[in-house]
2 protein chains.
Amino acid sequence: MTAPGKGIVYAVDDDPLVREVVAKLVATIDVEVREFASARAFLAAFEPRPCECLVCDLRMPDIDGLALQLQLNATAAPPPMIFLTGFAEVSIAVEAMRHGAFDFIEKPFSPHVLLHKIQSALEYSKAQFAARRARETAEARLALLTPKERCVLQHVVDGKSSREISELLGLSIRTVEHHRDHIMQKLRVNSAVELVKLCL
Amino acid sequence: MTAPGKGIVYAVDDDPLVREVVAKLVATIDVEVREFASARAFLAAFEPRPCECLVCDLRMPDIDGLALQLQLNATAAPPPMIFLTGFAEVSIAVEAMRHGAFDFIEKPFSPHVLLHKIQSALEYSKAQFAARRARETAEARLALLTPKERCVLQHVVDGKSSREISELLGLSIRTVEHHRDHIMQKLRVNSAVELVKLCL
DNA sequence: GCGCCGATGGGCAGAACTACCTACGGAACC
DNA sequence: GGTTCCGTAGGTAGTTCTGCCCATCGGCGC
């Protein structure tokens with residue numbers, strides 16, 4: 001098992017020399033490193049964690065960096081990716097950036113620069129993880145609501161009063177207030193203000 | 001004068017041929033185009049509008065595309081920028097993307113692709129303009145608040161009740177309620193919920 | 001000094017919200 | 001047929017918010 005707060009760097013590259021350089025570099029800080037010779041091998045082993053990042057070659061046989069990025073983006077918790085590239089191709093870089101690449105670094109790279117980018121990426125990963133977990137609990141609560149409750153909630157978040165909502169939906173004020181009660185209980189909040197914050 | 005809803009494309013390139021190609025392309029849609037032979041000339045003429053974008057060469061004498069981007073980013077309303085580049089340099093592209101470049105297009109480019117990107121950029125510009133104006137009016141209202149009112153507002157947005165705020169600040173409930181009144185009048189809102197939405 | 005404004009405090013009335021309780025009809029499920 | 005859930009609706013009580021009135025005090029500018 002990995003220590004709770006410890007970060008992990010995944011070094012994905014078909015070139016063992018590059019992996020080794022990355023591994024030795026990461027070993028200088030208190031962060032674990034795991035090497036993978038292919039995107040496929042990495043995907044088989046990958047599971048989301050609070051503090052992790054990829055250092056990944058853009059050009060690889062079979063699944064390349066861009067394809068790996070797309071596959072990871074389709075998962076619930078894509079980790080930040082730092083791409084290594086020896087081939088200066090603007091269109092690929094722009095494409096990867098558009099798909100949320102954390103950073104790019106051209107080979108040959110400065111160890112100091114890469115280390116700095118890794119640390120930023122791990123910080124980012126932690127923040128993302130926390131944000132994602134908050135969003136997930138919020139969505140789990142939201143899923144408990146019935147359609148009618150969701151409808152009332154929408155109007156509440158829009159800033160409408162119970163009276164206005166009752167008129168809009170053709171209900172009695174009492175009914176709207178009941179829905180509000182249930183919403184607040186299910187969402188575990190104590191006021192309309194907290195409701196709004198939960199719903200962004 | 002320019003018609004209200006009409007977009008403007010600024011073609012900034014030291015090569016007159018490129019400018020002409022862009023101009024002819026843009027002329028096929030209902031969008032005005034203005035040509036500039038240098039970033040300096042463009043900067044002298046530029047003023048923010050609701051629906052505009054730049055098509056700009058990355059490599060130019062004097063002020064290059066990246067420097068122009070930085071100067072525009074320092075203004076209140078930077079327009080979306082589409083960079084033209086004949087030199088495939090990853091680091092520059094990544095840098096420009098990081099600074100919010102709207103898109104990149106490699107020379108030689110397909111007219112159809114550029115036109116599509118221009119239209120996206122103009123849409124984006126419109127949305128940005130609307131968002132910016134909303135933010136500006138919100139900030140103008142917020143500026144009317146006294147320090148104490150801002151403090152109370154912060155707690156209200158945090159979801160605290162008047163009673164809780166009065167205890168936290170060592171004030172009477174009445175005073176807190178007065179502050180709330182003034183805040184809502186100055187911000188022209190009718191409920192705490194709208195207050196929260198105004199403050200993000 | 002005088003006037004204005006911000007911060008503080010209070011009163012009061014009405015609206016709105018929150019938190020409990022009850023109830024009934026319909027649909028879905030076992 | 002009984003149970004459970006949802007939507008509907010009402011009651012009551014207490015709290016909170018909103019709006020409009022008032023006053024005092026201290027600072028700042030004219």
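**Helix packing, DNA surfaces and the chain pair**

In this predicted model, the axes of H6(B) and H8(B) cross at roughly 95 degrees and come within 9 Å of each other (axes are lines fitted to C-alpha atoms, for helices over the stretch in contact, with angles running from 0 to 180 degrees between N-to-C directions). That puts H6(B) roughly perpendicular to H8(B), a label covering 65 to 115 degrees, while under 35 counts as roughly parallel, over 145 as roughly antiparallel and the rest as oblique. On the H6(B) side, Lys148(B), Glu149(B), Val152(B), Leu153(B) and Val156(B) meet Val176(B), His179(B), Arg180(B), His182(B) and Ile183(B) of H8(B); contact here means C-beta atoms, placed from the backbone, within 7 Å. This contact splits into five nonpolar, two polar and three charged residues (Ala, Val, Leu, Ile, Met, Phe, Trp, Tyr, Cys and Pro count as nonpolar, Asp, Glu, Lys and Arg as charged, and the others, Gly among them, as polar). Helices (H or I, at least four residues) and strands (E, at least two) are DSSP runs, numbered from the N terminus.

As for housekeeping, residues are numbered from 1 along each chain as its sequence is written, with chains lettered from A and ligands numbered from 1 in the order in which they are written. The model being predicted, local features need pLDDT of at least 70 and side-chain atom pairs count only at pLDDT 80 or more, whereas totals for chains, interfaces and linings use all residues.

Now to the DNA. Around strand C sit 19 residues, of which Ser162(A), Thr146(B), Lys148(B), Leu171(B) and Ser172(B) come nearest (near means a C-beta atom, placed from the backbone, within 6 Å of the molecule or strand). At least two residues each come from H7 (162–169) and H8 (173–187) of chain A and from H6 (147–157) and H8 (173–187) of chain B, with H8(A) giving the largest share, four residues. Four of the residues near strand C are nonpolar, eight polar and seven charged.

DNA strand D also has 19 residues around it, and Thr146(A), Lys148(A), Ser172(A), Ser161(B) and Ser162(B) come nearest. Here H6 (147–157) and H8 of chain A, plus H7 (162–169) and H8 of chain B, give two or more residues. The largest share, four residues, belongs to H8(B).

Between the chains, 17 residues of chain A contact 17 of chain B. On the chain A side, H4 (90–98), E5 (103–106) and H9 (192–198) give two or more residues. That side has nine nonpolar, four polar and four charged residues.

Chain A superposes on chain B by a rotation of 180 degrees with 0.0 Å of shift along its axis (RMSD 0.1 Å), using least squares on the C-alpha atoms of residues with pLDDT of at least 70 in both. The two copies are thus related as by a two-fold rotation axis.

Methods
Two residues are in contact if their C-beta atoms, placed from the backbone, lie within 7 Å.
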